[in-house]
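Visitor: Please take me through the interior of this protein, with the cut-offs behind each term. I would like one connected account rather than a list.

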Amino acid sequence: MAKDLKVRSKSEGTVTCDSEAESLKDYWIPDYILLHESKVEKPSYVPASPVIVFINSRSGGQLGGELLLSYQTLLNKNQVFDLNKDAPDKVLHQLFLNLEKHKRNEDSFASEIQKRLRVIVAGGDGTAGWILGVISDLHLSQPPPVATVPLGTGNNLPFAFGWGKKNPGTDLESVKMFLNLVKDAKEMKVDSWHVLMKMRVPRKDGSCDPIAPLELPHSLHAVHRVPQSNPLDEEEYHTFRGGFWNYFSMGMDAQVSYAFHAERKLHPEKFKNQSANHNAYAKLTCSQGWFWASLSHPSSWNIAQLAKVSIMKKPGQWEVLSIPPTIRSIICLNLPSFSGGLNPWGIPSRRRLRVKEWTPPYVDDGFLEVVGFRNAWHGAVLYAPSGHGTRLAQARGIRFEFHKGAADHTFMRMDGEPWKQPLPTKDENESVVIEISRFGQVSMLATGENPSKSVNDPLTPRTPSKDSEYDSDEEELEEIPEDRKKLGAAASFKLPEDFNLSQVS
């Protein structure tokens, strides 16, 4: 079937399909759309759901490679890309250049391909975030919606939109079923969140890039320096930017994730499947003492002692967020899916929403839900039907300010990609500032029953049901207003050109 279905090369100059391939013609893109200077040969049938497929062949143990082979067998090999070989920014840039060229020649087929185009991403949450960043960077008037194949460990993004959290089947029939779901999936707009970080790092021969031992995730990269008054300073302030679509977190959860990634980098042979990865996560959580955090970790690691946290409830109006002193992990949620599909925010009662002036969480409302956890036992309550963390705020933006203190580092994570963040240690005037603000939206594909809700969907309930439980265990939090100027948001989520894909989930 693969031989019959495959669009033949330019030298053969023909397109053939057999009856067995009829069900796949809805996803097929011919070579003249994909390849530069390819001979124009228009099929008689316009595909209902043409797809571009990106697969991280190193994700999911051997599953990534198997999935790559299945997609290349069923579709035109030129519309299926291995992210270990093909840079997605170059692929999509060339594709849309080709489409625009054919549209200028009044090619109606090319116009329909662009209107109906959908992107499939197979990998972990880090891989999905990478592709979403690339699409955002293209600044398209009509960006293609994205479906995510759960090929990582947590798979929070796929779960949030109904694609599941277990690694998928890689055989031909499983891939056909997934393609059918993609064709019938509905589009959802999702807020994009921009991260801007200013910190002092050592110089590197005039480059914007930091030098070792600073290791930031691939979703953050240097953009420019902020000049200091003393030109003889051996260190300067750098600005880094990036983006996320699911969550940003800091504290104990990020530390466990960082240890997991470090161990996987050292011993990749131990992390061959999703079950082994989950077991490793559980062992690391126990070995690091997060179930007994108050006994095994210093109070200087508590969020309230690490950082001054401010939130923006209304545009331009910043307020200091009061954080309980026992909180050791803080999570800024955009989607109701964290740590393998759990929902730290839960469903607040009607009374809680009214008292706090909160709204039900939506993925496209311009708000982040901010949640805190005391220890791993506190996180374990998420497995209960009505479990949730300590709800701290809903915010249009959030800012973390770090000054010299007892801790010289903390751990952070964005969409599954963790890093060890250095903190100021030399003088009182040194600081690290991280600001999160909304920056546009992307289009995701959702299928079946999924936890993500849109503010524009008339079928989405805007208030909890009458029998929702009253949250009696939360404190009333004092909020102190403060006037501070935003750092501002950069114009794109462009990722570094020289990163190592093996470090992306």
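Guide: What follows covers the confidence of the model and then its interior. This is a predicted model, in which local features need pLDDT of at least 70 and side-chain atom pairs count only at pLDDT 80 or more, whereas totals for chains, interfaces and linings use all residues. Residues are numbered from 1 along each chain as its sequence is written, and side-chain values use heavy atoms, with hydrogens and water left out.

The average pLDDT (the predictor's confidence in each residue, from 0 to 100) is 79 for the protein, and 72% of the residues score at least 70. By element, the mean is highest in strand 1 (residues 51-55), at 98, and lowest in strand 18 (residues 479-482), at 32. Residues 1-17 stay under 50 in pLDDT, and the model has 32 contacts for them beyond four places in sequence; a contact means heavy atoms within 4.5 Å. The stretch 230-234 is also below 50, with 6 contacts in the model beyond near neighbours in sequence.

The secondary structure comes to 14 helices and 18 strands. These are DSSP runs numbered from the N terminus, helices being H or I of at least four residues and strands E of at least two. Of the protein's 505 residues, 54% count as buried, where buried is under 20% relative accessible area, exposed is over 50% and partly exposed is in between (1.4 Å probe, protein chains only). Among contacts with a separation of 6 or more, 76% are between residues 24 or more positions apart.

The largest nonpolar core has 60 residues, and Tyr71 and Phe161 touch the most other members. Such a core is a set of buried Ala, Val, Leu, Ile, Met, Phe, Trp, Tyr and Cys residues joined through side-chain atoms within 4.5 Å. Helix 6 (residues 125-138) gives the most to this core, namely 6 residues. Apart from it lies another core, of 38 residues, including Met197, Phe240, Ile327 and Cys332. In soluble globular proteins, nonpolar side chains tend to be buried together.

Leaving out residues up to four places away in sequence, Phe161 touches Met188, Val190, Leu335, Met444, Leu445, Ala446, Thr447, Asn450 and Ser452. Strand 17 (residues 431-446) has 12 of its 16 residues buried, so this strand is largely enclosed by the rest of the structure. Strand 17 runs antiparallel to strand 14 (residues 397-403), to which 7 bridges join it; strands pair if DSSP finds at least two bridges between them. In this pairing Gly397 stands opposite Ser437. Strand 13 (residues 390-395) is likewise largely enclosed, because 6 of its 6 residues are buried. Strand 13 is joined by 5 bridges to strand 12 (residues 368-373), again antiparallel, and Gly372 stands opposite Thr390 there.

Strand 8 (residues 247-251) can be followed through two residues, Tyr247 and Ser249. Ser249 is buried, at a relative accessible area of 0%. Beyond four places in sequence, Ser249 touches Ala254, Ile330, Ile331, Phe411, Met412 and Arg413. The C-alpha atoms of Ser249 and Arg413 are 5.2 Å apart, with their positions 164 residues apart in sequence.

Rings of Phe, Tyr and Trp (its six-membered ring) pair if their centres lie within 6.5 Å; planes under 30 degrees apart count as stacked, over 60 as edge-to-face and the rest as tilted. The structure holds 10 aromatic pairs. One of them is Tyr247 with Phe338, edge-to-face, at 4.8 Å centre to centre and 85° between the planes. This pair links distant parts of the chain, 91 residues apart: Phe338 is in the loop between strand 11 (329-333) and helix 13 (350-356). Tyr247 counts as buried at 1% relative accessibility, and Phe338 is buried at 5%. Phe244, Phe248, Phe400, Phe402 and Trp419 form one aromatic cluster.

Charges also sit over rings, the criterion being NZ of Lys or CZ of Arg within 6 Å of the ring centre and within 35 degrees of the ring normal. The charged end of Arg399 is over the ring of Trp318, 4.1 Å from its centre. Lys165 lies over the face of Phe159, at 5.1 Å from the ring centre.
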